[in-house]
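Here is a report on one protein model, written for a reader who wants the fold first and the details after. Please keep the structure open while reading.

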Amino acid sequence: MPLRQRVVRRLVGQFHCPHGLGGHAAGWIMAHRSSNVRRNRWVVSLLDVQPSDRILEVGIGPGVAVAALTDRARNGVVFGVDHSDVMVRIARRRNAAAIRAGRVDLRLAAADALPDFGAPLDKVVAVNSMGFWPEPVARLKELRGLLHAGGTIAIASQPRCPGATADTSSNAGHEIETNLRTAGFSPTRVETLGLDPPVVCVLALSAGAA
């Protein structure tokens, strides 16, 4: 295999669980690629964040969405978890001032081993991370148990598989919606952002803990 192809393959693999120098490179790309930034800020804009909300992001990456959430939840708290220590360190640097002010709390944790957040949450968001969760329906049920009754979850996906099209995104949206219903959520709407391929975001409400 040519050297360039090996390097590209190794870098692509870093987007699953970034680590080492390659992980820092992947984090830089996530934080600076315009489509990534636009995607995260768009998903946050759909959430109707209130100033006092307590919000969790699962799979924070370099902390772009965390920063956007913090701008809106001025009197609340934004929690975030990621299974990559590299991403947690990068996200903490990006949100250092808000962390010092007690408005952001970022932790190293996997989706299937979430920490205690102390009180019910108002909103949960995950952008391009649910595809990496083991047993996603079980994870969604756990997240439903962390939300207030009537709390909102937003699950977004922009397929990154080779040859992804609008149909790929549509199929991803249907899968997310099915998983949310199976986990006890009530999907309210599906939104699409016209990137290439499109980003699909499914928003749903929790009826309370299972």
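The text below goes from the overall fold to the sheet, the cores and a few single residues.

## Overall fold

This is a predicted model. The protein has 210 residues, and 48% of them are buried. DSSP gives 8 helices and 7 strands. Contacts reach far along the chain: among those between residues at least 6 apart in sequence, 69% join residues at least 24 apart.

## The sheet

The 7 strands form an open sheet with mixed pairing. Read across, the order is β3-β2-β1-β4-β5-β7-β6. The edges are β3 (104-108) and β6 (185-193), and each of these pairs on one side only. From one strand to the next, the twist averages 15 degrees.

The table lists four strand pairings, each with its sense and bridge count.

| Strand pair | Sense | Bridges |
|---|---|---|
| β1 and β2 | parallel | 5 bridges |
| β2 and β3 | parallel | 5 bridges |
| β4 and β5 | parallel | 6 bridges |
| β5 and β7 | antiparallel | 6 bridges |

## Strand β2 and its neighbours

Strand β2 covers residues 77-82. It is largely enclosed by the rest of the structure, because 6 of its 6 residues are buried. In a regular strand the side chains alternate between the two faces of the sheet. Here, Val77, Phe79 and Val81 point one way from β2. Val78, Gly80 and Asp82 point the other way, and all are buried.

Partners can be named on both sides of β2. Valine 58 stands opposite valine 81 in β2. Phenylalanine 79 stands opposite aspartate 105 in β3. To get from β1 to β2, the chain passes through α4, and this β-α-β crossover is right-handed.

## Strand β5 and helix α7

Strand β5 spans residues 147-157. Of its 11 residues, 8 are buried, so β5 is largely enclosed by the rest of the structure. On the β4 side, leucine 121 has leucine 147 of β5 as its bridge partner. On the β7 side, alanine 154 is partnered by leucine 203, and serine 157 by valine 200.

Helix α7 (residues 136-146) joins β4 and β5 in a right-handed β-α-β unit. The helix lies across β1 (54-58), β4, β5, β6 and β7. It runs at about 140 degrees to β5.

## Nonpolar cores

Which residues touch the most other members of the largest nonpolar core? They are Trp42, Val43, Leu47, Leu69, Val125, Ala154 and Cys201, out of 28 residues in that core. The elements that give two or more residues to this core are α3 (34-45), α4 (64-72), α5 (85-94), β3, β4, β5 and β7. Helix α4 gives the most, with 4 residues.

A second, separate core has 24 residues. Its members include Leu56, Val77, Ala126 and Met130.

Valine 43 shows how the largest core is knitted together through the sequence. Leaving aside neighbours within four places, valine 43 is in contact with Val125, Val127, Ala154, Ala156 and Cys201. Among these, Val125, Ala154 and Cys201 also appear in the list of residues that touch the most other core members.

## Cysteines

A disulfide is a covalent bond between the sulfur atoms of two cysteines. The count of disulfides in this model is 0. Cysteine 201 is buried, with a relative accessible area of 0%. Cysteine 161 has 40% relative accessibility, so it counts as partly exposed.

## Serine 169 and glycine 194

Serine 169 is found in helix α8 (residues 166-182). Is it buried or exposed? Serine 169 counts as buried, because its relative accessibility is 3%. Beyond residues up to four places away in sequence, serine 169 touches Pro159, Pro197, Pro198 and Val200. Val200 is also the β7 partner of serine 157.

Glycine 194 lies in the loop between β6 and β7. Its relative accessible area is 67%, so glycine 194 is exposed. Alanine 166 is 28 residues away from glycine 194 in sequence. In space, the two C-alpha atoms are 9.0 Å apart.

Note on methods. Residues numbered from 1 in each chain as written. Predicted model: local features only at pLDDT ≥ 70, side-chain atom pairs only at ≥ 80, totals over all residues. Heavy atoms only, no water. Buried < 20%, exposed > 50% of the residue type's maximum accessible area, 1.4 Å probe, protein only. Pairing = 2+ DSSP bridges. Right-handed = clockwise from strand over helix to strand, strands pointing away. Disulfide = S-S within 2.5 Å. Axes fitted to C-alpha atoms, helices over the stretch in contact; angles between N-to-C directions. Contact = heavy atoms within 4.5 Å. Core = buried A, V, L, I, M, F, W, Y, C linked by side-chain atoms within 4.5 Å.
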